[in-house]
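The following exercises are to be worked through with the sequence and the model at hand. Each task is followed by a solution in steps.

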Amino acid sequence: MADHEEKPKPESLMEKIADKIHHHDSSSSDSDDEKPAPSSLKTKIYRLFGRDKPVHKVLGGGKPADVFLWRDKKISAIVLGTVTAVWALFEVFEYHLLTLVCHLLMLTVTVLFLWSNASTFMSKAPPKIPDAMIPEGPILEFASALRYEINRGLASLREIASGRDLKKFLIVIAGLWIFSILGSCCNFLTLFYICFVLLHTLPVVYEKYEDQVDAFGEKAMIELKKQYAVFDEKVLSKIPRGPLKDKKTA
């Protein structure tokens, strides 16, 4: 009696679908295991002052940032030249602000007066003098922004003076001491001009050599933290402090 070979039963439709789903899940899991984790590829780059935006955005963007970063060299040169001329007029030639304003007004009014009278004899149209008015909106916006910054500065000084953060206290005292030295060396106009020139030079240089400056700043910050830790251990930790009592509200 010949052996009858048993024929394999054909797979049902549900078994085929389950087999395909199992094969797809196993292949996708293998491919996911082969892909490196994105967090391991990205390394955090140190940026000066912990910024996470481009220099143009840090400066506020728009036309002022374009002027400081010399996007339009002609406009930036005109602005810097104008400020330099004003500084030289007051500091080098020792011109006074009130005298300058009066002389400019005298010259403007005299020219317009002579032009208006001469136009009647020359049968020409008189000069059109525009209405000079200060708009209310920008003045109110500037006053509101100035008020907000002053209040925020006063709140920060109050928090520092309360004795909660010794590190901020030392930073503020050091900053005020440096400004007092600068104030004894030069007047306010010269200090303003120096800051203006620095705003026209430091950002564009930093943007050009950003990686090198950030690397140097990282090394300097690490060294500064080491020195502060030593100073904190030897000096600050030995200063007696009162116990901090938490205020419990009923």
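**Exercise 1. Annotated spans**

How far apart do the end C-alpha atoms of residues 169-199 lie, and what percentage of the span is helix and what percentage strand?

*Solution.* The model is a predicted one. Step one is to place the span: the unreviewed UniProt entry lists residues 75-90, 96-115 and 169-199 under "transmembrane region". Step two is to take the ends of residues 169-199, whose C-alpha atoms are 27 Å apart. Step three is to assign the secondary structure, which gives 94% helix and 0% strand for this span. Another of the listed spans can be treated in the same manner: residues 75-90 are 100% helix and 0% strand, with 23 Å between the end C-alpha atoms.

**Exercise 2. The chain as a whole**

Determine the secondary-structure content of the protein chain, its burial and its contact pattern.

*Solution.* Begin with the elements: the protein chain holds 10 helices and zero strands, and the order from the N terminus is accordingly written α-α-α-α-α-α-α-α-α-α. Turn next to burial. Of the 250 residues, 10% are buried, where buried stands for a relative accessible area under 20%. The accessible surface amounts to about 22,400 Å², and carbon and sulfur atoms contribute 66% of that area. Finally, consider the contacts with a separation of 6 or more: 56% of them join residues 24 or more positions apart.

**Exercise 3. Confidence**

Which element of the protein chain has the lowest mean pLDDT, and which the highest?

*Solution.* Start from the average: the protein chain has a mean pLDDT of 76, and 75% of the residues score at least 70. Then compare the elements. Helix H2 (residues 38-41) has the lowest mean, 42, whereas H5 has the highest, 91. The last step concerns the termini. Residues 1-10 have a pLDDT below 50, and this stretch makes zero contacts beyond near neighbours in sequence. Residues 245-250 likewise fall below 50, with zero contacts beyond near neighbours in sequence. Where pLDDT is low, the coordinates should not be read in detail.

**Exercise 4. Salt bridges**

How many salt bridges does the count give, and which parts of the chain does the pair of Glu207 and Arg71 link?

*Solution.* Apply the cut-off first: a side-chain nitrogen of Lys or Arg must lie within 4 Å of a carboxyl oxygen of Asp or Glu. The count is two salt bridges.

In one of these, Glu207 pairs with Arg71, and the closest N and O atoms are 3.0 Å apart. The partners are 136 residues apart and link distant parts of the chain: Glu207 belongs to helix H9 (residues 188-208), while Arg71 lies in the loop between helix H4 (62-68) and helix H5 (73-92). Glu207 is partly exposed because its relative accessibility is 28%; Arg71 is partly exposed because its value is 44%.

Arg152 and Glu149 also form a salt bridge, with 2.9 Å between the closest N and O atoms. Both residues are in helix H7, three residues apart, or about one turn of the helix. Arg152, at 45% relative accessibility, is partly exposed, and so is Glu149, at 40%.

**Exercise 5. Helix H9 and the loops**

Relate Leu198 to Phe68, and then describe the non-glycine residues Trp70 and Glu94 by their phi angles.

*Solution.* Leu198 is located in helix H9. The C-alpha atoms of Leu198 and Phe68 are 9.5 Å apart, although 130 residues separate the two along the chain. Leu198 is partly exposed, because its relative accessibility is 39%.

Trp70 is found in the loop between H4 and H5 and has a positive phi of about 55°. At 25% relative accessible area, Trp70 is partly exposed. Glu94 sits in the loop between H5 and helix H6 (97-121) and also has a positive phi of about 55°. Glu94 is exposed, because its relative accessible area is 61% and the exposed class begins over 50%.

**Exercise 6. A surface patch**

Which residues make the nonpolar surface patch of about 510 Å²?

*Solution.* The patch is formed by Phe142, Leu146, Ile150, Leu154 and Leu157. Take Ile150 as one of these: it lies in helix H7 (residues 136-161). With a relative accessibility of 45%, Ile150 is classed as partly exposed.

Technical notes: Residues numbered from 1 in each chain as written. Predicted model: local features only at pLDDT ≥ 70, side-chain atom pairs only at ≥ 80, totals over all residues. Heavy atoms only, no water. Patch = residues over 30% accessible without salt bridge, like charges linked within 9 Å, V, L, I, M, F, W, Y side chains within 5 Å. Areas by Shrake-Rupley, 256 points an atom, 1.4 Å probe, with all protein chains shown as cover. Helix = DSSP H or I, 4+ residues; strand = E, 2+ residues; numbered from the N terminus. Buried < 20%, exposed > 50% of the residue type's maximum accessible area, 1.4 Å probe, protein only. Contact = heavy atoms within 4.5 Å. UniProt positions renumbered as here; feature names shortened; annotations may be inferred. pLDDT = per-residue confidence, 0-100.
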